[in-house]
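Me: Please take a close look at one part of this model and put it in its setting. Keep it brisk, and say how far the prediction can be trusted there.

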Amino acid sequence: MIPLENFLLLSAALFAIGFYGVLARRSAILILMSVELMLAAVSINLVAFAAYLDPEGLTGMIFAIFVITIAAAEVGLALGIVLRLYRERQTANVDAADELKW
Amino acid sequence: MLRRLPLPSQFDRIIITGGLVAGVALAPLLLVLLVLLAVDEITAPEFVFWLVAAIVVGGALGTVLLPNIVYAALSLVATLLGVAGVYLLLGSEFLALAQVLIYGGGVVILLLFGLMLTNATDDPVVTDGSQKPFAAMVGLLLAGVIIAAAYDATWGGSELAATSLRAFGERLFGDFMVPFIIIAVLLDIALTGAYVNARRERAPAGDDQEASS
């Protein structure tokens with residue numbers, strides 16, 4: 001039987017890799033992809049907890065469904081914003097959008 | 001900028017190269033795991049788990065490290081399909097199917113369209129020389145803290161219980177009906193907002209017709 005810690009280990013690794021991507025990447029779309037990695041890591045955690053600790057309630061799996069839905073909405077909305085930024089600046093580099101940072 | 005994006009005629013090359021790289025990277029691991037399985041060091045579920053975990057982590061590393069954005073997007077597909085495999089291991093077929101359909105079929109296609117429409121390059125030479133070491137440091141620190149916490153805690157159950165799709169559906173559409181409806185409305189609003197935000201603004205002369213139509 002696989003211990004629960006294995007899934008938590010995988011999830012932590014995936015989350016940290018996604019976090020590194022968010023911090024290191026400069027292209028808005030690559031940052032979005034890294035955010036997807038982090039969301040996937042959280043979903044793995046939720047499903048693992050649901051399967052091991054809450055087999056009657058299954059609350060974690062339902063939350064994972066919600067996470068997937070929110071991720072889909074987030075990607076659509078964020079890509080709209082990135083397209084808008086690209087049309088204004090001719091670049092998708094997040095360093096080009098720093099007007100709030102005087 | 002354009003030169004860094006692969007042409008459609010180069011897709012064969014990408015697929016062959018990607019397959020070779022994945023094969024070469026996974027073959028030693030597969031061998032080690034098969035030997036361990038043969039000597040009964042690990043059980044069959046653990047064998048599948050480590051294989052899937054290698055695909056997930058390898059794809060994730062490719063997503064954040066590869067300089068070519070199309071390659072990064074393709075390794076994101078590998079990661080997300082690997083996550084679907086993890087869901088299958090955890091006994092929730094429905095989530096695995098939803099993962100493949102929504103991520104593999106929807107989100108990644110959307111991201112590829114975004115790449116195509118913005119021609120976004122991630123040029124490390126121009127932008128981030130100084131940021132990567134700090135990002136790596138913070139990431140490693142975060143991973144260390146989470147893993148230490150996960151191993152330090154005592155979790156209640158250690159048995160992977162079988163979950164039935166029927167119970168899952170009854171729970172989702174029974175107790176969680178209202179959140180489900182709210183999520184649906186949220187998705188609708190978000191996608192409408194994305195459309196309104198991203199559409200091209202018309203010339204001022206056509207404004208009245210746009211508003212009335």
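Reply: Two residues are in contact here if their C-beta atoms, placed from the backbone, lie within 7 Å. The model is predicted. The contact between the two chains takes 64 residues from chain A and 75 residues from chain B. On chain A, helices α1, α2 and α3 each supply at least two residues of the side that touches chain B. The largest share comes from α3(A), with 20 residues. By class, this side of chain A has 49 nonpolar, 9 polar and 6 charged residues.

The part I pick is helix α4 of chain B, residues 93-118. First, its surroundings in the chain. Chain B has 8 helices and 0 strands. Its pattern along the sequence is α-α-α-α-α-α-α-α. Of the 213 residues in chain B, 20% are buried. Among contacts in chain B with a separation of 6 or more, 53% join residues 24 or more positions apart.

Now the approach to the helix. α3(B), residues 69-89, has 21 residues and reaches 30 Å from its first C-alpha to its last, close to the 30 Å expected. After α3(B) comes B:Gly91, with a positive phi near 85°. Helix α4(B) then runs for 26 residues. From first C-alpha to last it reaches 36 Å, close to the 38 Å expected at 1.5 Å a residue. The helix bends by about 30° at B:Tyr103.

B:Tyr103 is also one of the buried residues of α4(B). The others are B:Leu95, B:Ala96, B:Gln99, B:Val107, B:Val108, B:Leu111, B:Gly114, B:Leu115 and B:Thr118. What do these buried residues of α4(B) pack against? They pack against α2 (28-53) and α3 of chain A, together with α3 of chain B. The partner α3(A) is also the helix that gives the largest share of the side of chain A touching chain B.

B:Glu93 lies in α4(B) too. Is B:Glu93 buried or exposed? It counts as partly exposed, because it has 14 C-beta neighbours inside 10 Å, and a buried residue needs 20 or more. Leaving out residues up to four places away in sequence, B:Glu93 touches B:Leu88 and B:Leu165. B:Ser164 is 71 residues from B:Glu93 along the chain, yet their C-alpha atoms are separated by 9.3 Å.

The domain assignment adds context. Chain B is divided into domain 1 (1-124) and domain 2 (162-199). The contact between them takes 4 residues from domain 1 and 4 residues from domain 2 of chain B. On the domain 1 side, those residues divide into 1 nonpolar, 2 polar and 1 charged.

Last, confidence. The predictor gives the complex an ipTM of 0.90 and a pTM of 0.84. Chain A has a mean pLDDT of 87, and 98% of its residues reach 70 or more. Among the elements of chain A, α3 (residues 59-89) has the lowest mean pLDDT, 88, and α1 (residues 4-24) the highest, 92. Chain B has a mean pLDDT of 81, with 84% of its residues at 70 or more. In chain B, pLDDT stays under 50 over residues 206-213. For that stretch the model has 2 contacts beyond four places in sequence. Where pLDDT is low, the predicted coordinates should not be read in detail.

Methods:
Residues numbered from 1 in each chain as written. Chains lettered and ligands numbered in written order. Predicted model: local features only at pLDDT ≥ 70, side-chain atom pairs only at ≥ 80, totals over all residues. pLDDT = per-residue confidence, 0-100. Helix = DSSP H or I, 4+ residues; strand = E, 2+ residues; numbered from the N terminus. Expected span 1.5 Å × (residues − 1). Bend = angle between axes of the 7 residues up to and from the residue. Buried ≥ 20, exposed ≤ 12 C-beta atoms within 10 Å, placed from the backbone. Nonpolar A, V, L, I, M, F, W, Y, C, P; charged D, E, K, R; others polar. Domains from an automatic or database assignment.
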